[in-house]
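Trainee: I am new to this structure and should be grateful for guidance. Please choose a single part and describe it closely, with each term explained.

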Amino acid sequence: MATNPFIPLSIPNFEGNEEKYVLDAVRQGWVSTGGAYITTFEKQLAEFLHIPAAVMCQSGTSALHLALVECGVCPGDSVVVPTLTFIAAVNPVKYQFAHPVFMDCDDSLCMDPVKLREYCETECERVDGKLYDKKNHSRIKAVIVVHVFGNMADMERIMDIADQYGLQVIEDATEALGTKYLEGRYAGQYAGTIGDYGAYSFNGNKIITTGGGGAVVARDAKHLEHIKYLSTQAKDDPLLYMHHEIGYNYRMTNVQAAIGVAQMEELPEFIERKQKNHEVYKELLRDCKIGKLLDFRTGTSANKWFYSFELYPDGISADQAIEKLAQENIQARAIWGLIHEQRPYREDTAYRIQRAAVYRERIINLPCSTQLTYEQMVRVADLLGSLWQ
Ligand SMILES: *Cc1c(COP(=O)(O)O)cnc(C)c1O
């Protein structure tokens, strides 16, 4: 019996110079943490983001960890984080033996600035310009803002709060490479370049991939330089093996960067396809009775990395919808389990989580690869339409 061809959720796209550059790196023998592809990739990324520099590393997770270290987050400090996110945005807080404080989302699925302000005002106190949680007296040093599924968080309000309360801002832009403001105070600025630090990921399912990989950017050039130093085992002397600090083996390899250089050449095209496909889905799903496709923040140009479909209450559940799609060989997925409910985080502070719990139940992600065809999107939309009883 013929089955419908498989439609994957999100797969890499290697239509460009990936093979050529990787072969070149291997033939040259530059396969490890030195080599010209790494610095080329760094230059390309910085140019794309309209900033002076970027530092390549092993993963988005290591990028976030380095940013936290550079923020001076120490054991016992607190860091405000979202609960609706991939867990890698939060784990590095624990690597530093610091406490996460879980925050709710707004309707963009990103951190809710209203609750963030409320938490700082009502649950914290300021001593000598520093912010402390009243209950556990831990100092709130930073906030990690995730640009969920490529949607820009409300950075104007979040930056105002951070300025007022003296918090450093780390942007987790691992899903949002290419997302930028078109209007307002940050017009022309990209996700990841607005706060003090930004982290990107080139994992297999992200908008561009190096297999595994990440990048850090920082507003202050000295901090970025120090991050690079930490990422390469904190070498103070190229020949004599002198180290004045504890470093990490977090540098990207030249083979990964060779793929990255090819992917950067295609990034504008990938973003364009993601944006166009989102429009196609929107049109196809306009009259759908079981739910609606979520939009991205107005006044921004989002990379539209993942497409979120919100199921209406009292209808088919997310689990059922995913199961029905799977039966037709279409891969969809649920949104993440809330992090404050996961075993390693149950003892930590969660501040009035409400919306995140609702979205957790109601959102599924639809196939969104850059190779997606019109016919495939019609199949997905038709199937969703057929689930209405
Ligand atoms: C992918 C992702 C990360 C981690 O990136 P890796 O490169 O896989 O380590 C962190 N945060 C979010 C929100 C992500 O989606």
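Mentor: The account below concerns the boundary between domains, followed by one helix pair and some salt bridges. The model is predicted, so local features require pLDDT of at least 70 and side-chain atom pairs count only at pLDDT 80 or more, while totals for chains, interfaces and linings use all residues. Residues are numbered from 1 along each chain as its sequence is written, and side-chain values use heavy atoms, leaving out hydrogens and water.

The protein chain divides into domain 1 (18–263) and domain 2 (266–386), with bounds taken from an automatic or database domain assignment. Their C-alpha centres are 25 Å apart. Domain 1 brings 49 residues to the contact and domain 2 brings 39 residues, where contact means heavy atoms within 4.5 Å. About 4,000 Å² is buried between the two domains, and carbon and sulfur atoms give 59% of this area. Buried area is the accessible area (1.4 Å probe) that two parts lose on being put together, summed over both. Of the area that domain 1 buries against domain 2, F102, F149 and I207 supply 20%, more than any other three residues.

Between the domains there are 5 salt bridges, each a side-chain nitrogen of Lys or Arg within 4 Å of a carboxyl oxygen of Asp or Glu. The structure as a whole holds 21 salt bridges. One of them joins the side chains of R352 and E118 at 2.2 Å, N to O.

Helix α8 (residues 254–284) can be examined together with helix α11 (residues 374–386); helices are DSSP runs (H or I, at least four residues), numbered from the N terminus. In α8, N277, V280, Y281 and L284 meet Y374, M377, V378, V380 and A381 of α11.

Terms used: Axes are lines fitted to C-alpha atoms, for helices over the stretch in contact, and angles run from 0 to 180 degrees between N-to-C directions. Helices (H or I, at least four residues) and strands (E, at least two) are DSSP runs, numbered from the N terminus.
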